[in-house]
Amino acid sequence: MMASGIQLVIFDWAGTTIDFGSLAPVRAFVELFRREDVAVTTAQARVPMGMHKKDHIREMLRISDVAARWQAAKGSPWTEADVDRLYHAVAPIQLDTIRQSAELVPGLVPVIENLRQTGLKIGGTTGYFVAAAQLVLEQAQSQGFIPDCSVNGDEVPKGRPAPWMVYRVMQQLNVYPPSAVLKVGDTLLDIEEGLNAGVWSVGVCDSSSECGYSLDEWQQLSEQQRAASISRVKDKFLAAKAHAVIDSIHELPALVKSINERIARGEKP
């Protein structure tokens, strides 16, 4: 089947639709390791951003500096038992940080209204565990963003970069083929997830984990500083083979039109 145009847009959550700068996950992991007497930087906490949270913990522990600090603090290397324990320990911390960083990305609601007016369905995927995903959904709904469905990493055999969350959303909303689907995210794993699913995979820059600024910090930057940050992140997304990159979520409706034109010319993701 060939798609006549985009029928479904699937959004990531933190850093794409809510929590400008994707701060809640970073703060949770920094605090988690602090409680283990292991200091980690925000940059180290961001390295695996977008993964299922258990995978995220494991990848942080694989960072050589973090592994060394863990061994120094604990007297032995980390194990899978430590990963399991940390995964359960991070849950209440994560819920607290989500409550602190639950504002929608500016301009999201009008963008969603625009997409819906053209008949598009709206889905979501997230690396959050069930309770965190539900809290994010509740916070978003209270601000006017209600996707048609959302899938989290605990609902599929494996999280990003595997395509299963995207496929689950497509199945639930009965949208096929993959060329009728556009995935929007703010991390390299988001891009990879979309590519692995065979859908149009798009990166958003300003609110992204890759930029890493809170909304207040972003607004305080000069135009030159913002442009430099966006250029840096755009280069990363394009190097990861994103089909397109937008500076901010405001540009998404125009991008959908552009991709529809590409589809009309016979282009596939």
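Colleague: Where is P177 found?
Modeller: P177 is found in the loop between α8 and β4 (181-185), where helices are DSSP runs of H or I with at least four residues and strands are runs of E with at least two, numbered from the N terminus. This is a predicted model, in which local features need pLDDT of at least 70 and side-chain atom pairs count only at pLDDT 80 or more, while totals for chains, interfaces and linings use all residues. Residues are numbered from 1 along each chain as its sequence is written, and side-chain values use heavy atoms, with hydrogens and water left out.

Colleague: And what is the peptide bond from Y176 to P177, cis or trans?
Modeller: The bond from Y176 to P177 is cis, and its omega is near 10 degrees. The bond from R160 to P161 is also cis, with omega near 10 degrees, and P161 sits in the loop between β3 (149-152) and α8 (164-173). Most peptide bonds are trans, and most residues other than glycine have a negative phi.

Colleague: Speaking of phi, what is the value for D19?
Modeller: D19 is not a glycine, yet its phi is positive, near 65 degrees. D19 belongs to the loop between β1 (8-12) and α1, and it counts as buried because its relative accessibility is 4%, where buried means under 20% relative accessible area, exposed means over 50% and partly exposed lies in between (1.4 Å probe, protein chains only).

Colleague: Is K241 buried or exposed, then?
Modeller: K241 is exposed, as its relative accessible area is 60%. K241 also has a positive phi, about 80 degrees, although it is not a glycine, and its place is in the loop between α11 (223-239) and β6 (244-246).

Colleague: Changing topic, at what angle do the axes of α3 and α4 cross?
Modeller: The axes of α3 (residues 53-62) and α4 (residues 64-74) cross at roughly 85 degrees and come within 5 Å, with each axis being a line fitted to C-alpha atoms over the stretch in contact, and angles running from 0 to 180 degrees between N-to-C directions. That crossing makes α3 roughly perpendicular to α4, because angles under 35 degrees count as roughly parallel, over 145 as roughly antiparallel, 65 to 115 as roughly perpendicular and the rest as oblique.

Colleague: Which residues make that contact between α3 and α4?
Modeller: On the α3 side they are M60, L61 and R62, and on the α4 side S64, V66, A67 and W70, where contact means heavy atoms within 4.5 Å.

Colleague: W70 caught my eye; what does E36 touch?
Modeller: Leaving out residues up to four places away in sequence, E36 touches W70, A73, K74, R85 and L86. E36 lies in the loop between α1 (23-34) and α2 (42-46), and it counts as buried, since its relative accessibility is 10%.

Colleague: How many helices and strands are there overall?
Modeller: The protein chain has 12 helices and six strands, and buried residues make up 55% of its 269 residues. A compact globule with 269 residues would have a radius of gyration near 18 Å, and the protein chain agrees because its own value is 18 Å; the radius is taken over C-alpha atoms, and the globule rule is 2.2 Å times the number of residues to the power 0.38.

Colleague: How far apart in space are D65 and P253?
Modeller: From C-alpha to C-alpha, D65 and P253 are 42 Å apart in space, and 188 residues separate them in sequence. D65 lies in helix α4.
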